[in-house]
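This briefing walks through the fold, the exposure and the charged side-chain pairs of one chain. Please keep the sequence and the coordinates at hand while reading.

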Amino acid sequence: ALGGYGGAPSPLPPGGAGGARRGLGGCEDSTAQQQQRLSAQQQQAAALQEQIREKQERKAREKAQREAEEAKEQDRLRREQESIRAAYEAEQARQQAKEQ
């Protein structure tokens, strides 16, 4: 009889033909082994997500630091340019005063 119906014992393992999953070396995986493997995979995935998050945070910090340094340099250049302009205008005023 097929599948254990009608008296004769079933030739199939418990759970039918696709019963227990077979792992490496043909060993049957128990539910506990499957759960352990799943747990390990979840831990691995969580660790990868943490690494990705840390890398993104580091890149964001580096970008912010670069932008701050660039802003500081722009500010320094602007002040230098204003100083040169003020000196030039003062010299122009002096020249005009001499001419009058």
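A residue is called buried when its relative accessible area is under 20%, exposed when that area is over 50%, and partly exposed in between. With a relative accessible area of 45%, R79 is therefore partly exposed. The model discussed here is predicted, and the points below start with the chain as a whole before turning to individual salt bridges.

**Overall fold and surface**
- The secondary structure of the chain consists of one helix and zero strands.
- Of the 100 residues in the chain, buried ones make up 1%.
- The chain has an accessible surface of about 9100 Å², and carbon and sulfur atoms account for 52% of that area.

**Salt bridges in general**
- Side chains that carry opposite charge can pair when their charged atoms come close.
- Counting a side-chain nitrogen of Lys or Arg within 4 Å of a carboxyl oxygen of Asp or Glu as a salt bridge, the chain has nine salt bridges.

**The pair E50 and R53**
- E50 and R53 are joined by a salt bridge in which the closest N and O atoms lie 2.5 Å apart.
- Both residues belong to helix α1, which spans residues 31-99, and because they are three residues apart there, about one helical turn separates them.
- Each partner is partly exposed, R53 with a relative accessibility of 36% and E50 with a relative accessible area of 33%.

**The pair E73 and R76**
- A salt bridge also links the side chains of E73 and R76, with an N to O distance of 2.8 Å.
- These two residues are three residues apart in helix α1, so they are separated by about one helical turn.
- E73 has a relative accessible area of 36% and counts as partly exposed, and R76 is likewise partly exposed, at 36%.

**The pair D75 and R79, and its network**
- D75 forms a salt bridge with R79, and the closest N and O atoms of this pair are 2.5 Å apart.
- D75 is partly exposed, its relative accessible area being 29%, while the value for R79, which is partly exposed as well, is 45%.
- Both D75 and R79 lie in helix α1, where a spacing of four residues places them about one turn of the helix apart.
- Through salt bridges that share partners, D75 and R79 are joined with R78 and E82 into one network.

Terms used: Residues numbered from 1 in each chain as written. Predicted model: local features only at pLDDT ≥ 70, side-chain atom pairs only at ≥ 80, totals over all residues. Heavy atoms only, no water. Buried < 20%, exposed > 50% of the residue type's maximum accessible area, 1.4 Å probe, protein only. Areas by Shrake-Rupley, 256 points an atom, 1.4 Å probe, with all protein chains shown as cover.
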